Amino acid sequence: MRHLAEGIHRFQRDVFPDKSGLFAQLATTHQPGTLFISCSDARVVPELITQADPGDLFVIRTAGNLIPAYAPGSDGVVAGIEYAVAVLGVKDVIVCGHSSCGAMTALAEGHDLTGAPAVADWLRHADASRARIATGTTDEEKVPALVRANVAAQLANLATHPSVARALAEGTVRLHGWVFDIPTGTVEEVDEATRPASAA
Ligand code: ZN
């Protein structure tokens, strides 16, 4: 914890002065262009991998970058998506998975999650992701294949949200799927052509 407090001091001393103009502007303005939905994994840092400035990204992070399909009711993920798309008017939405995702590994390898019932329950939102994996996928390919299939499946879930469906119909928002590879720092786009569902 101490290194975080020291980090705040370093930020105030070495970083903030160069960006004080930006922060002064951001004090009264919040107009991010992009909704970035990623896994909560500590190794995925949206602002770092995109080199985005403060104010650029509206970020939602969930375990496994899962986006439950829309259902009426109070829900933090639903509210965040609606606020970003309908109120802030973001132009792009990125769903970003990543290599060695713990959530996808647990599903691909069938880990015992009886000690973490909330996690097991939450991962049910990846049922469609698992269903997209082609039969015959080798054990070695399973996790990376599920990571990609999951991004595609969550993009489909995203489109069930009324705010997103409306913006798509009006052509005011575009959806993108990415996978961040931790050891190489590269980002692979999960486009229509590489989505298992459409390739089958
Ligand atoms: Zn993850």
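**Exercise 1. Classify Ser100 as buried, partly exposed or exposed, and describe its backbone.**

Step 1. Begin with the classes: buried means under 20% relative accessible area, exposed means over 50%, and partly exposed lies in between (1.4 Å probe, protein chains only).
Step 2. Ser100 has 47% relative accessibility, so it counts as partly exposed.
Step 3. Locate the residue: Ser100 is in the loop between S3 and H4. Helices (H or I, at least four residues) and strands (E, at least two) are DSSP runs, numbered from the N terminus.
Step 4. Ser100 is not a glycine, yet its phi is positive, near 55°.

A note on the source applies to every exercise. The model is predicted: local features need pLDDT of at least 70, side-chain atom pairs count only at pLDDT 80 or more, and totals for chains, interfaces and linings use all residues. Residues are numbered from 1 along each chain as its sequence is written, and side-chain values use heavy atoms, with hydrogens and water left out.

**Exercise 2. Is Gln51 buried or exposed, and in which loop does it lie?**

Step 1. Gln51 is found in the loop between H2 and S2.
Step 2. The relative accessible area of Gln51 is 62%, so this residue is exposed.
Step 3. The phi of Gln51 is about 50°, a positive value although the residue is not a glycine.

**Exercise 3. Which residues coordinate the zinc ion, and how are they spaced along the chain?**

Step 1. Apply the cut-off: donors are N, O and S atoms within 2.8 Å of the metal (3.2 Å for Na, K and Ca), and sites may look incomplete because water is not among the atoms.
Step 2. The donors are Cys39 (SG), His98 (NE2) and Cys101 (SG), at 2.1 to 2.3 Å from the zinc ion.
Step 3. Along the chain they follow the spacing C-x58-H-x2-C.
Step 4. Cys39 belongs to strand S1 and His98 to strand S3, so this pair ties together parts 59 residues apart in sequence.
Step 5. Check burial: Cys39 counts as buried because its relative accessibility is 5%, and His98 counts as buried because its value is 1%.

**Exercise 4. Where does Asp41 lie, and which residues does it touch?**

Step 1. Asp41 sits in the loop between S1 and helix H2 (46-49).
Step 2. Contact means heavy atoms within 4.5 Å. Not counting residues up to four places away in sequence, Asp41 touches Arg61 and His98.
Step 3. Asp41 has 15% relative accessibility and therefore counts as buried.

**Exercise 5. How many disulfides does the structure hold?**

Step 1. A disulfide is a pair of cysteine sulfur atoms within 2.5 Å.
Step 2. Take Cys96: the nearest cysteine sulfur, that of Cys39, is 9.4 Å away, and Cys96 is in no disulfide.
Step 3. The structure holds zero disulfides.

**Exercise 6. In what order do the strands form the open sheet, and which are the edge strands?**

Step 1. Two strands pair if DSSP finds at least two bridges between them.
Step 2. The five strands follow the order S2-S1-S3-S4-S5, with mixed pairing.
Step 3. S2 and strand S5 (187-189) are the edge strands, each pairing on one side only.
Step 4. S3 and S4 pair in the parallel sense over seven bridges; Val95 has Gly177 in S4 as its bridge partner.
Step 5. Strand S4 (residues 174-180) and S5 pair in the antiparallel sense over three bridges. Val179 stands opposite Glu188 in S5, and Phe180 has Val187 in S5 as its bridge partner.
Step 6. Five of the seven residues of S4 are buried, so S4 is largely enclosed by the rest of the structure.

**Exercise 7. Which helix gives the most residues to the largest nonpolar core?**

Step 1. A nonpolar core is a set of buried Ala, Val, Leu, Ile, Met, Phe, Trp, Tyr and Cys residues joined through side-chain atoms within 4.5 Å.
Step 2. The largest core has 38 residues; those touching the most other members include Leu35, Ile81 and Leu158.
Step 3. Elements that give two or more residues to this core include strand S2 (57-62), helix H3 (76-87) and helix H7 (139-158).
Step 4. H7 gives the most, with nine residues.
Step 5. Apart from this core lies another, of eight residues, among them Phe36 and Leu57.
Step 6. Beyond its neighbours within four places in sequence, Leu35 is in contact with residues including Phe58, Ile81 and Val93.
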